[in-house]
Amino acid sequence: MHDFASSFLYHKNALITDPSGIFFVVLVIILSAPLMRRLRVPHIVGMILAGVLIGPHGLHLIDRDRSFEIFGQVGVYYIMFMAALELDMGSVQKYGRRGMEYGLLTFFVPFFLGFLSSRWLLDMHPITSVLMGCIYGSHTLVSYPIVGRYGLAKHRTVVVAVVSTAVATMAALLTLAMVLELRKPDVGWRFWVLFFFRCVAYFTFIGLLLPRMARWFLRRFDDSILHFTFILAVVFLSAVLAKAAGLEGLLGAFLAGLVLGRLIPRTSPLMNRIEFVGNALFIPYFLIGVGMLVDLSVLFSDLGTIWMVLLVVVTATLVKLLPAIAAKWIFKDRWMASMMLFGLTNAHSAGALAMVMIASAPAVGLMDAGMINATVMLILCSCIISSYATSYAARSLALSETETEGNRGSFHGKCLVAYSQSSNVEMMTQLGMLIRNPYIPESLLGLNVAFSDRQDPGNAHNTAGKQLLEQAQKIAAAADVPLATLSRMATNAATGILYTLSEYDCGEVVVSLADRTTGMPKSSLGTVLDNIIAGTHREVIALRAIVPLGTLRRIVVAVPAKAEYEVGFFKWVEHICRMGEQLDCRIHFHAHEDTLPHIRHYMKRIHRTLRVEYTAMNLWGRLLNLSTQVGGDDLLVVVTARPGFISYRSVFDGLPLVLHRYFSKVSLILLYPDQWGDPANSVSIFAPNGTAVRRRPSILQRFTSAGR
């Protein structure tokens, strides 16, 4: 049997044996993906069929050598890792229980029915029948990449399927491990105690130590290549430790994705590199390698083999379809959601291959050649069925549950990012990518203002500014986000920024929050920022980032009373929500009890899966209390207002000094929302009671005694 397994994986006399030729053939297959789409063949099915065609049992162009085993292992880990990475913890908290319930359902029903069919219809040994039940009960998210193309990665049904995959795979592998250990004569209570403590140690490391280690590394080093390499190292470290604990590497890769998901923003160069490398190389390698295992000749060998293959394929399909149908009534969902569950949980690949290799080892001897061939045919058929079912369900759900108006988003114009120093280019570019409106073209504009100075004949300012813009473009391009750049001459930075805001109809501007200097008035944020705030009524976001935005765990938002009456209220709330979604971190609103219902209603209607907390802060003076509640892992967003508007309070005059004294070690955003009018045309501003008030600084009151 060992000889069969060895010949099953490695064959001689292939037409192409040179490594460069083998790699070229694989790349040609990957490049044929557009042709597959034109033929309306899911790319996953096309990759598998291509593997059948070129493999040892087809034209035998290449052998399934060690490279396919290595890259295939990386590919299947990548699928599990990216599936977990796409999840946001809000969705997991909301639908995680349903996912666990369905995971148990989609394991136990196939396990028992698969055991009975193998035992009574195929007359297998009881231990082999248990093995087949584990294969039926487990599944792999082979068709998950299809979901992302329809924008359904956060759909409740997809979240349930992803969580159920981890539950079902873990249950199957644990069952198999226990059965195999029970076959050994020297297994006793010591083994199970040791197994329990190994699992506890592993989950403790994953849940407590790994996040801190990853956050420390990503903050300490800023090299993009090191970040990508570190992420891969963490994934495989988690997989190796999972195997050492007696679990399976698939589960380790999935847990690594859950842990690292909070540290990798959705629209970041790091996320783009991870997805690019996986989709371009590792996952196709895995799919092609699966196809190379398939030997279609077994279908015509003898009637017994044909019967075995048909029974295994039909049984595996039906036992996964039954839980999906039952979920329709249990969860009271639509039929198409059940079809999505079936499509995502029907494919048998990684777990089935792992179990086959374990069972066919000489020391175990639970599978013969016929069962191995039947299982490989199950992998091919289940992947094909899964791909078509997922494609059909995803398309139907995308058409039926997507609101056209919601897709448009709120049109706020371009997001303008004004660069002035190289130390914060990456932070500001990342913030712009987080809050920009993704539904409008050319939504991000980078600006550098060079001074018109006759004493600078070499244009040193202009040259340095262009270097800043080039640096920003590289960062945005790495995240596959187009960034238009503009360098303009002006007498001062504020004038250039204000002209650009008006000329290009930008909806908001991101600027750097400079440190205070000696002698600066307590109400001043610096000459440039003061002039920008006074010169426009559009949203101004002043950023001071202490740590990389991707390592933040919480966004704390301080909201003044009557903020809901400002015209830009829902606009800045949406910006905060986009940051929370992309960074996958919690949002904690501190606002007046009359303002909180407006925020709650918006969150429930638009962003139901975000993890949000609410605390009443009726007195603005309680902002100082937040100094003991926010730390290095938090981003404090202070929403304020310009003088003369509804939510403005005289205490805001002392806000710059307060933030400098009490929040100097915290990542901070000072946000001035959109407000009515144009400062150039404003002679006076009307108070809420309709009386005109002059635009002049208010008398500074005691900060801690300011109320509504």
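Which residues are linked with K571 in a network of salt bridges? Keep that one in mind while reading; the points below come to it in turn.

1. First, a word on what you are looking at. This is a predicted model, and residues are numbered from 1 along each chain.

2. Start with the inside. The largest nonpolar core has 131 residues. If you want a way in, try I135, L260 and I274, the residues with the most contacts inside that core. Apart from it lies another core, this one of 50 residues. V510, C577, V639 and L671 are among the members of that second core. As a general point, nonpolar side chains in soluble globular proteins tend to be buried together.

3. I135 is worth a click. Leaving aside residues up to four places away in sequence, I135 touches H348, A352, M355, V356, M367, T375 and L378. V356, one of those partners, also gives a handy distance: V356 and I372 lie 16 residues apart in sequence, with their C-alpha atoms 6.8 Å apart in space. I372 itself belongs to helix α17, which covers residues 369-401. I372 counts as buried because its relative accessibility is 2%, and the limit for buried is under 20%.

4. Now for the charges. Side chains of opposite charge can pair when their charged atoms come close. Across the whole structure, a search turns up 13 salt bridges. The network from the opening is made of E508, K571 and D674, so the partners to look for alongside K571 are E508 and D674.

5. Take R97 and E101 next. They form a salt bridge, with the closest N and O atoms 3.5 Å apart. Both sit in helix α6 (residues 89-121), and because they are four residues apart there, about one helical turn separates them. R97 is exposed, at 67% relative accessibility, while E101 is partly exposed, with a relative accessible area of 40%.

6. E574 and R578 make a good companion case. Their side chains meet in a salt bridge at 3.1 Å, N to O. The helix here is α23 (residues 569-583), where the two are four residues apart and so separated by about one helical turn. Buried or exposed, how does E574 count? E574 is buried, at 9% relative accessibility, and R578 is buried too, with a relative accessible area of 7%.

7. Where does a salt bridge link distant parts of the chain? Look at D505 and R538, whose closest N and O atoms are 3.3 Å apart. These two are 33 residues apart: D505 is in the loop between α21 (493-503) and β4 (506-512), and R538 is in the loop between α22 (527-535) and β5 (539-544). D505 is partly exposed, with a relative accessible area of 42%. R538 also counts as partly exposed, at 28% relative accessibility.

8. Last, the outside. A nonpolar surface patch of about 670 Å² is made by L113, L116, W120, L121, W307 and L322. Helices α6 and α14 (303-330) each supply at least two of its residues. The largest share, four residues, comes from α6. L113 has its place in helix α6 and counts as partly exposed, at 37% relative accessibility. Helix α6 is therefore a good one to revisit, as it also holds the R97 and E101 pair.

Conventions
This is a predicted model: local features need pLDDT of at least 70, side-chain atom pairs count only at pLDDT 80 or more; totals for chains, interfaces and linings use all residues. Side-chain values use heavy atoms; hydrogens and water are left out. A nonpolar core is a set of buried Ala, Val, Leu, Ile, Met, Phe, Trp, Tyr and Cys residues joined through side-chain atoms within 4.5 Å. Buried means under 20% relative accessible area, exposed over 50%, partly exposed in between (1.4 Å probe, protein chains only). Contact means heavy atoms within 4.5 Å. A salt bridge is a side-chain nitrogen of Lys or Arg within 4 Å of a carboxyl oxygen of Asp or Glu. Patches are made of residues with over 30% relative accessible area and no salt bridge: like charges are joined within 9 Å, nonpolar side chains (Val, Leu, Ile, Met, Phe, Trp, Tyr) within 5 Å. Accessible areas come from the Shrake-Rupley method with a 1.4 Å probe; for residues, only the protein chains shown count as cover.
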